[in-house]
Amino acid sequence: MLDRLPFLVGLRYVRAKRRNHFISFISLTSMLGLMLGVAVLILVLSVMNGFDHELRTRILGMVPHAKIESRAGMVEWETLAEELMQRERVIGAAPYVEQQGMFSVGGRNQGAMVNGINPEWEDRVSIIGEHMRQGELTDLVPGEWHVVLGSMLARNLGVGVGDRVTLLVPEASITPAGVFPRLKRFTVSGIFSVGAELDANLAYANIEDMQTLARLGDAVGGLRLQLDDLFAASSETQAILNELGPEYRGSDWTLSQGSLFQAIQMEKRMIALLLTVIIAVAAFNIVSTLVMVVTDKSADIAILRTIGAKPSSIMGIFIVQGMAIGLIGIAMGVAVGVLLALTVADLIGWVEGTLGIKFLDAGVYFISNLPSRLQWGDVINIVLAAFGLTFLSTLYPAWRAARVQPADVLRYE
């Protein structure tokens, strides 16, 4: 019977009505504080995961996971592409020619990176085909000098499909009349939009046209690779270069976009740390609750000690009571947080429709709705952290209860 004493009495104290209503109020406040902290932390981390996923899907769907280039020019690129496709982690390969330049039309100028691509191979390494607003990649026919522009780039230049733009490249052409910048007239055949910064500084043309413009002959700039695990890009690129030899060089997405994703991860950690303080405050409110309960139940403690209850059993009673309060709050917080994480996009949409306001403007942000991606690993970590803080908050009041001396208390009863 004494072995079950901490659970029986501790749970009874949780259910019992108290003479001191302030103790009940503090207990309820602690429970609601834990619920609020856990729910908000789950919701915020889910939204951060949603932003991370959107960025990873959109930006890294356009930016190659890895690039392999040849110092002498890559002529037999098809053979090399087939060899690389035999590797376990490589799931796609496509040729490219990159050319930095400046588009000019009607007095408006805008710098951009022009990617020469093979429309038949591009879907192996890029999601550009899924985000075409106007036109298709198949419109990039060799010799017709067509170009596909990002939506913001097209808007800054004030052009649309069918308009003509001039591309100036940073290389000079020497003619009998003197030295002139190299330029070429293109016709806009399509516009894409991925909702990211790439819309303002990226364009696509046919790879054969760009080979002609860059005077590469039959050579291409290199191969872009798509991997099954983008976080293995650095190690896989290095392994490929080790096999190909010193005449090849390579790079991966971490060099161009890695700082962006590191910043997102840092923000996620800092927000999680700050919101954990809410849980800590609520958990340590349990200290106040249990200290007052110990004072209120000092006579009961003394009686239990006189009939043989050990100090460890007395400690167990108040640990059980505090943990019961905490677990109820945590359970409610998980339920509310998971529900909000799964429905926050619909809730925000309803609020926007009801109030006639827009929280996320697609013209300012790269998305128009609030993304949320619930990860159960985050939920488990939050529950464990809240559980640990709750347990720590019960130790001092329980230790204080175990030190109650029956003789000192019962002397005045």
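Guide: Let's get one term straight: buried means under 20% relative accessible area, exposed means over 50%, and partly exposed sits in between, with a 1.4 Å probe and protein chains only. You're looking at a predicted model, where local features need pLDDT of at least 70, side-chain atom pairs count only at pLDDT 80 or more, and totals for chains, interfaces and linings use all residues. Residues are numbered from 1 along each chain as its sequence is written, and side-chain values use heavy atoms, leaving out hydrogens and water.

Visitor: How many helices and strands are there in the protein chain?

Guide: Helices (H or I, at least four residues) and strands (E, at least two) are DSSP runs, numbered from the N terminus. Going by those runs, the protein chain has twelve helices and ten strands.

Visitor: How many of the six residues of strand 9 are buried?

Guide: Strand 9 covers residues 222-227. The rest of the structure largely encloses this strand, because the number of its residues that are buried is six of the six.

Visitor: Which residue of strand 9 stands opposite glycine 92?

Guide: Two strands pair if DSSP finds at least two bridges between them. Strand 1 (residues 66-70) is joined to strand 9 by three bridges and runs antiparallel to it, with alanine 66 partnered by leucine 225. Strand 2 (residues 90-105) also pairs with strand 9 in the antiparallel sense, over six bridges. There, the residue opposite glycine 92 is glutamine 226.

Visitor: Which residue shares a side-chain polar contact with asparagine 109?

Guide: Asparagine 109 lies in strand 3 (residues 108-117). Leaving aside residues up to four places away in sequence, it touches Met102, Phe103, Ser104 and Leu157, where contact means heavy atoms within 4.5 Å. A polar contact is a pair of N or O atoms within 3.5 Å; within protein, one must be able to donate a hydrogen and the other to accept it, and residues adjacent in sequence count only if both atoms are side-chain atoms. At 2.8 Å, the side-chain partner of asparagine 109 is serine 104.

Visitor: How far apart in space are asparagine 109 and leucine 157, C-alpha to C-alpha?

Guide: Along the sequence, 48 residues separate asparagine 109 and leucine 157. From C-alpha to C-alpha, the distance in space is 6.9 Å.

Visitor: Is tryptophan 145 buried or exposed?

Guide: You'll find tryptophan 145 in the loop between strand 4 and strand 5. Its phi is near 50 degrees, a positive value in a residue other than glycine. Most residues other than glycine have a negative phi. With a relative accessible area of 16%, tryptophan 145 is buried.

Visitor: And arginine 215, buried or exposed?

Guide: Arginine 215 has a phi near 60 degrees, also positive in a residue other than glycine. This residue is in the loop between helix 6 (207-214) and strand 9. Its relative accessible area is 58%, so arginine 215 is exposed.

Visitor: What is the accessible area of the nonpolar patch with Leu28, Leu32, Ile328 and Met332?

Guide: Patches are made of residues with over 30% relative accessible area and no salt bridge (a side-chain nitrogen of Lys or Arg within 4 Å of a carboxyl oxygen of Asp or Glu), joining like charges within 9 Å and nonpolar side chains (Val, Leu, Ile, Met, Phe, Trp, Tyr) within 5 Å. Helix 2 (21-62) and helix 10 (311-355) each supply at least two residues of this patch. Accessible areas come from the Shrake-Rupley method with a 1.4 Å probe; for residues, only the protein chains shown count as cover. Together, the four residues have about 310 Å².
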